[in-house]
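Hi everyone, thanks for making time. I'd like to walk you through a structure that is probably new to most of you, so let's put it on the screen.

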Amino acid sequence: METVGHNGINPWQNALPRASVIHKLTNLLCSSKFVVMSSAAATGKTSILQLVQRINFQLPHSFMYIRMSSSISPYDLFKARGIDLLNGTLSSALLGKDFIILLDDAQVAYGFVDFWGALIKDPSVHALLSKFKFVISATYLLSGSGSPVVFEDLSRILPSDMLLSEDEAFQFLNDPAMGLPSELMSFNILKGMMVNECNGSIGALRIASETLADRLKHTTITETTAVQVYMSKDMVVSYG
C-alpha cells in the first residue's frame, strides 16, 4: 500500500481502532465510487481517514490525502497532485493505478459548485478517474449553504455511525496515549460517568479527559475528588 500527499495526515498515528465505522466505510468503498462522511466537529473524521489507509482491499490501491481550501480552487489542489481535471490529464505517476482520494474539510470548498458537479457527474471526468474512488469528509455547517446538491444520492457514513460505542468509549479512556492519565485509570465510577455524559462523542471525551487531568494536577487524587471535580460547574463549562 502506498500513501501520497500526506499534507499533515499520518496514517500510522495512534488512533482508536473504530472497527464498526471502518467496516462500514470499507464496504461502501468496495461498491461505491464516492462516499460522503459528514458529521459534527470533533467526531473523529480525520482519524477515520488515517485508519482507513491501514486497510487492505482486494485490489492493489494507493491513497492520496487532500485537505480542501476555501481560498484555493479544488481544480488547483488536484492539479498540484497530478490530476488536471480541466485538461483531462493525469501525471505519469498516477496512470494505471487504483487510488482512493481522501478529501478532508470538504465543507470549506462547498462554494466551488462547478467542481463538485464535474467531479461527481461529468462523464469525461469519470472516464479520466475510472480507477479512482473518493471519501468526502465534511463537518456540518451551522450557517451558510449546505452540501452540494450532487451529494444527495451518494453513499454515506451517517452521523450516528461516527458515535463511539460504549466499549470504544471505555477503550479510549483506558488508552494511556489518548485517554485518562494513569493515576485515574482505576476510577471505574468516574469512567462510567464520563462515558454516559459524553454520549458517544470522542471530542467530548478527549476534552473532558484533558481538562480533568489539568484540574487535578496539583491535587491529591482520590476517586471521590476526581468525581467532584468532574461534576463541578467549572468543568462542565470547559467541555460542554
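Let me start with a definition: I'm calling something a salt bridge when a side-chain nitrogen of Lys or Arg sits within 4 Å of a carboxyl oxygen of Asp or Glu. With that rule, the count here is six salt bridges. And please keep in mind that this is a predicted model.

Quick overview before the details. The protein chain has eleven helices and eight strands. Of its 240 residues, 47% are buried. If you take the contacts with a separation of 6 or more, 76% of them involve residues 24 or more positions apart.

Okay, back to the salt bridges. Take aspartate 161 and lysine 24, whose side chains meet at 2.7 Å, N to O. Aspartate 161 is in helix H6, residues 159–162, and lysine 24 is in helix H1, residues 19–31, so this pair ties together parts that are 137 residues apart in sequence. How buried or exposed are the two partners? Aspartate 161 comes out at 23% relative accessibility, which counts as partly exposed. Lysine 24 is partly exposed too, with 27%.

Next is arginine 67 with aspartate 105, another salt bridge at 2.7 Å, N to O. Arginine 67 belongs to strand E3, residues 62–67, while aspartate 105 is in the loop between E6 and H4, so here the parts tied together are 38 residues apart in sequence. Arginine 67 has 33% relative accessibility and counts as partly exposed. Aspartate 105, at 22%, also counts as partly exposed.

Then there's aspartate 98 with lysine 131, where the closest N and O atoms are 3.5 Å apart. Aspartate 98 sits in the loop between strand E5 (89–90) and E6, and lysine 131 in the loop between H5 and E7, so the pair ties together parts 33 residues apart in sequence. Aspartate 98 is partly exposed at 24%, and lysine 131 is partly exposed at 35%. There's a network as well: Arg67, Asp104 and Asp105 are joined into one by salt bridges that share partners.

Now for a charged residue without such a partner. Lysine 45, in helix H2 (residues 45–52), is buried and has no salt bridge. What is the nearest side chain of opposite charge, and how far away is it? That would be aspartate 105, at 6.9 Å. What lysine 45 does have is polar company: its side chain reaches the backbone oxygen of serine 39 at 3.5 Å, and a polar contact of 3.5 Å joins it to the side chain of threonine 43. Leaving aside neighbours within four places in sequence, lysine 45 also touches several other residues, including Met37, Ala40, Thr139 and Met162.

Let's pick up Ala40 from there. Alanine 40 is in the loop between strand E2 (34–39) and H2, and at 37% relative accessibility it counts as partly exposed. Alanine 40 and threonine 139 are 99 residues apart in sequence, yet their C-alpha atoms are 5.4 Å apart in space. With the same neighbours left out, alanine 40 is in contact with Lys45, Thr139 and Tyr140.

On to the aromatics, where the count is eight pairs. One of them is phenylalanine 78 with phenylalanine 134: the ring centres are 6.4 Å apart and the planes at 10 degrees, so that pair is stacked. Phenylalanine 78 lies in helix H3 (residues 74–80) and phenylalanine 134 in strand E7 (residues 132–139), so parts 56 residues apart in sequence are tied together. Phenylalanine 78 is buried at 0%, and phenylalanine 134 is buried at 0%.

Compare tryptophan 116 and phenylalanine 151: centres 5.2 Å apart, planes at 90 degrees, so this pair is edge-to-face. Tryptophan 116 is in helix H4 (residues 113–121) and phenylalanine 151 in the loop between E7 and strand E8 (155–157), 35 residues apart. These four residues belong to one aromatic cluster, along with Phe34, Tyr75, Tyr110 and Phe115.

Staying with H4, its buried residues are Phe115, Trp116, Ala118, Leu119 and Ile120. Among the elements covering them are E2, H3 and E7.

Last item, the cysteines. How many disulfides does the structure hold? Zero. Cysteine 30 is exposed at 54%, whereas cysteine 198 is buried at 4%. That's my tour, thanks for listening.

Methods
Residues numbered from 1 in each chain as written. Predicted model: local features only at pLDDT ≥ 70, side-chain atom pairs only at ≥ 80, totals over all residues. Heavy atoms only, no water. Helix = DSSP H or I, 4+ residues; strand = E, 2+ residues; numbered from the N terminus. Buried < 20%, exposed > 50% of the residue type's maximum accessible area, 1.4 Å probe, protein only. Lys, Arg positive; Asp, Glu negative; His and termini not counted. Polar contact = N/O pair within 3.5 Å; in protein donor to acceptor, adjacent residues only side chain to side chain. Contact = heavy atoms within 4.5 Å. Disulfide = S-S within 2.5 Å. Phe/Tyr/Trp six-rings, centres within 6.5 Å; stacked < 30°, edge-to-face > 60°.
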